[in-house]
Amino acid sequence: MTRKTNPGDAPQARRGAGAGQTLSAPHREEKRWKARDAIKDRLPTREQTRARADQLRTWTRRTVREHPLGLGLGALALGFLSASLLPSTQAEQRAYGRAAGRIRKLADELEQSGQLDEALSSLRRAAVTTATQQWTGDDTHDDPVPAPGPRGHSAGRGGRRRG
C-alpha cells in the first residue's frame, strides 16, 4: 500500500519541530518511503542484471579461449602474491635453506669446472622446448635436451648446438 503525501506537509512539520524535537511518525514513514524509492530507482532491473550476467559470461568464455597462457600466468602470479603474504613456517625455512645451499654448491662446482654457462644454456633450451611442446601439443621428442657428451658438449647432431 502506497501512501500519498502532500508536498507541503513536510516543510510545515519541520517548521513546527524545534531544536531537540523529533519528527512525527507519519513524517518518519514518509522519509523511509522516499529513501526506499531513491534506492529502488538506482538499482538495475532483473532483466538488466540478467543481460549483464550474460555479457560477463560471454566475455569470460572468449577471454579463456583467446588468452589461456595469460590467465595461467595471472593465476600463478596471484598464487605467488597470496603465498608471499602468508608467513613461512620453520619447516619451509629449513627446506629453503638446504635447497639454497645445494644450489650454491652445485653452481660453484659448475663454475670451477667451466661448465656453468653450458648448464644454464641447457636449462634454457629444455625450458623453451618443453614449453613449446606443451603449448603446441607436440610430444614427438622424448628428451628435449640431449644428454651431455664428453667435456660438456651435447651428444648427437654432429657437434655444438646453438641456442
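**View 1. Helix α4 and the nonpolar patch.** In this predicted model, helix α4, covering residues 68-85, gives the most to the nonpolar patch, with four residues. The patch sits on the surface and is made by Leu-69, Leu-73, Leu-76, Phe-80 and Trp-135. Together, these side chains form a patch of about 590 Å².

**View 2. A closer look at Leu-76.** Here we stay with one of the patch residues, Leu-76, which is found in helix α4. Is Leu-76 partly exposed or buried? Its relative accessibility is 47%, so Leu-76 counts as partly exposed; that class lies between the 20% limit for buried and the 50% limit for exposed.

**View 3. Helix α5 from end to end.** Helix α5 runs over residues 90-113 and has 24 residues. At 1.5 Å a residue, the helix should span 34 Å, because the expected span is 1.5 Å times one less than the number of residues. The end C-alpha atoms of α5 are 35 Å apart, which agrees with that expectation. Just after α5 comes Gly-114, with a positive phi near 80°.

**View 4. The helices in their setting.** Now let us place these close-ups in the whole protein. How many helices and strands does the protein have? There are six helices and zero strands, and from the N terminus on the elements run α-α-α-α-α-α. Of the 163 residues, 7% count as buried. The protein exposes about 14300 Å², with carbon and sulfur atoms supplying 57% of that area. Among contacts between residues at least 6 apart in sequence, 29% join residues at least 24 apart.

Conventions: Residues are numbered from 1 along each chain as its sequence is written. This is a predicted model: local features need pLDDT of at least 70, side-chain atom pairs count only at pLDDT 80 or more; totals for chains, interfaces and linings use all residues. Side-chain values use heavy atoms; hydrogens and water are left out. Patches are made of residues with over 30% relative accessible area and no salt bridge: like charges are joined within 9 Å, nonpolar side chains (Val, Leu, Ile, Met, Phe, Trp, Tyr) within 5 Å. Accessible areas come from the Shrake-Rupley method with a 1.4 Å probe; for residues, only the protein chains shown count as cover. A salt bridge is a side-chain nitrogen of Lys or Arg within 4 Å of a carboxyl oxygen of Asp or Glu. Helices (H or I, at least four residues) and strands (E, at least two) are DSSP runs, numbered from the N terminus. Buried means under 20% relative accessible area, exposed over 50%, partly exposed in between (1.4 Å probe, protein chains only). Contact means heavy atoms within 4.5 Å.
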